[in-house]
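This report concerns selected backbone and packing features of the structure shown below. Attention is given to unusual backbone conformations, to one helix and its neighbouring strands, and to the contact between chains.

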Amino acid sequence: MNRFLIPLGIFIALVVFLAIGLTRDPKIVPSPLVDKPVPAFTLPQLHVPEKNFGPADMQGKVWLLNVWASWCVSCRAEHEVVTALVNDHGAEIVGLNYKDHRADAMEWLKHFGDPYALSVSDLDGRVGIDWGVYGVPETFVIDQAGIIRYKHIGPMTAESITEKVLPLLNELKAADA
Amino acid sequence: MKRVLLALFVMFAATAHAGTVEVYKFETPAQEARYKAMIAELRCLVCQNQNLADSNAELAQDLRQQTYEMIKRGATDQEIADFMVTRYGDFVLYRPPFKATTAFLWAGPFIILIAGLVVLLNMVRRRGRQVVAPLSDEAHTRARNLLEDPPEQNNQ
């Protein structure tokens, strides 16, 4: 009996490991930046290029940084969710326009609507590298102290905001009061 | 024939073009060797089973550029690796450092190998201890008959 129990145990352990593996998306690589201060940058604003913006300008606020581009197809799918976050839940979202052309980006916002408090232009993707961006769209949730609390890789969906983003935003804002 | 040749020519021209990567100029061959070694050791996060050297993804191009600039600036290999790891995590390294989260990755194959050897040794030892009962005379005769007799006479 014992000689069957051991291989059976090994087999079950293997199945459990593989089953856990199946539920995970290998495309989603956990970011080492979570729970770290935001990487600093100074970038020109998309609509007013003479004016710069940096994360320090948002100090003391709970805000989101959403990485988007006009060439990014899944950003289009996500746009509705981003808009709802702002309009229905009062989130403050800064857009990081990643490796885009300014004219294309402005056209895109005109066409699909502009929910962003402002967008900044990361034309050569340098700031993207500093933020560990590897798949657009990506979204970072940043707290009052300028610490990244959460990173969402890929397009946010209605479920992902109700499950993760909104509870976190409420929790962070509650800490303020 | 001419058409076939032309088609082939166009095909090869196309592949040659697809294979083009940026040309970076280094001051010393040592720098160039370090650059090549670095981009072979770093993973592209967009196409996860390719390194930066093989990948054509835009991010890979940007990170090659980054690596090139850092080498030009005189950064050490460790500094470049740290730069990538603080942004993208250990996953960018094809050889991640040994720590709690990667311990099983590094030690796993050796644990399995040792476990296999232990099982094998046990089996060999147990088999060695088994006493095989000697054959009786009757069995010996029967075996000899079976071996020596032509098959057709053996069908009793």
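In this predicted model, Lys99(A) is buried, because 20 other C-beta atoms lie within 10 Å of its own and 20 or more suffice for that class. Lys99(A) is found in the loop that leads from strand 4 to helix 3 of chain A. Its phi is positive, at about 45°, although Lys99(A) is not a glycine.

A positive phi in a residue other than glycine also occurs at Asp35(A), where the value is near 70°. Asp35(A) belongs to the loop between helix 1 (2–23) and strand 1 (43–44) of chain A. Asp35(A) counts as exposed because it has 11 C-beta neighbours inside 10 Å, and the limit for exposure is 12 or fewer. For context, most residues other than glycine have a negative phi, and most peptide bonds are trans.

The positive phi values, including that of a glycine, are listed here.

| Residue | Phi | Place |
|---|---|---|
| Asp35(A) | near 70° | loop between helix 1 and strand 1 of chain A |
| Lys99(A) | about 45° | loop between strand 4 and helix 3 of chain A |
| Gly113(A) | about 95° | just after helix 3 of chain A |

The peptide bond that joins Val136(A) to Pro137(A) is cis, with omega near 0°. Pro137(A) is located in the loop between helix 4 (126–130) and strand 6 (138–142) of chain A.

Helix 3 of chain A spans residues 102–112, and its buried residues are Ala105(A), Trp108(A) and Leu109(A). These residues lie on the same side of helix 3 of chain A, because they cover an arc of only 95° around the axis. The other side of this helix carries the exposed residues Ala103(A), Glu107(A), Lys110(A) and His111(A). The buried residues of helix 3 pack against strand 4 (93–98) of chain A.

Strand 4 of chain A runs parallel to strand 5 of chain A, and five bridges join the two. Within this pairing, Val94(A) has Leu118(A) in strand 5 as its bridge partner. Strand 5 of chain A comprises residues 118–122 and is mostly covered, with four of its five residues buried. Together, strand 4, helix 3 and strand 5 of chain A form a right-handed β-α-β unit.

Between the chains, 12 residues of chain A are in contact with 13 residues of chain B. The side of chain A that touches chain B consists of six nonpolar, four polar and two charged residues.

Definitions and conventions: Residues numbered from 1 in each chain as written. Chains lettered and ligands numbered in written order. Predicted model: local features only at pLDDT ≥ 70, side-chain atom pairs only at ≥ 80, totals over all residues. Arc of directions from axis to C-beta. Contact = placed C-beta atoms within 7 Å. Pairing = 2+ DSSP bridges. Right-handed = clockwise from strand over helix to strand, strands pointing away. Nonpolar A, V, L, I, M, F, W, Y, C, P; charged D, E, K, R; others polar.
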